[in-house]
Amino acid sequence: MKGSCYDDNERDYYGMLKEFVRLKYLGNKCKLFMFKCNWYNTKRGIKVHRSNGLVEIKHTSRLLGNEDFVLS
């Protein structure tokens, strides 16, 4: 996922999709999709192979915290 704040320390976020939730509001045509992911620390454990675009993630570098969801 592309980061929303790019500066001198710009970075993207990497995660593994665990589940997704679709919310539909009653009396309204609004829908919302949320994705629950395991996020990984991009300061360590991430290696991007520029030649082929593959990203190698060290699975032990998982971030701990309460921000599991991302909005579509």
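This is a short tour of a predicted model, moving from the whole chain to a hairpin and then to a pair of aromatic rings.

Begin with the whole protein in a cartoon view, where you will find five strands and zero helices, so that the order along the sequence reads β-β-β-β-β. If you then colour the 72 residues by accessibility, buried ones make up 15% of them, while the protein as a whole exposes about 6300 Å², of which carbon and sulfur atoms supply 52%. Among contacts between residues at least 6 apart in sequence, 39% join residues at least 24 apart.

Next, select strand S1, residues 14–24, together with strand S2, residues 31–40. These two strands pair in the antiparallel sense over ten bridges, and one place to look is Val21, whose bridge partner in S2 is Met34. S1 and S2 form a hairpin with six residues between them, and within the turn you can pick out Gly27, which has a positive phi of about 70 degrees.

Staying on the hairpin, show the side chains of Phe20 in S1 and Phe35 in S2, which lie 15 residues apart in the chain. What arrangement do the rings of Phe20 and Phe35 adopt? Their centres are 6.4 Å apart and their planes stand at 40 degrees, so the pair counts as tilted, the angle falling between the limits of 30 degrees for stacked and 60 for edge-to-face. A search of the whole structure finds one aromatic pair.

Finally, add a surface around the two rings: Phe20 is exposed, with a relative accessible area of 56%, whereas Phe35, at 26%, counts as partly exposed.

Conventions: Residues numbered from 1 in each chain as written. Predicted model: local features only at pLDDT ≥ 70, side-chain atom pairs only at ≥ 80, totals over all residues. Heavy atoms only, no water. Phe/Tyr/Trp six-rings, centres within 6.5 Å; stacked < 30°, edge-to-face > 60°. Helix = DSSP H or I, 4+ residues; strand = E, 2+ residues; numbered from the N terminus. Buried < 20%, exposed > 50% of the residue type's maximum accessible area, 1.4 Å probe, protein only. Pairing = 2+ DSSP bridges. Contact = heavy atoms within 4.5 Å. Areas by Shrake-Rupley, 256 points an atom, 1.4 Å probe, with all protein chains shown as cover.
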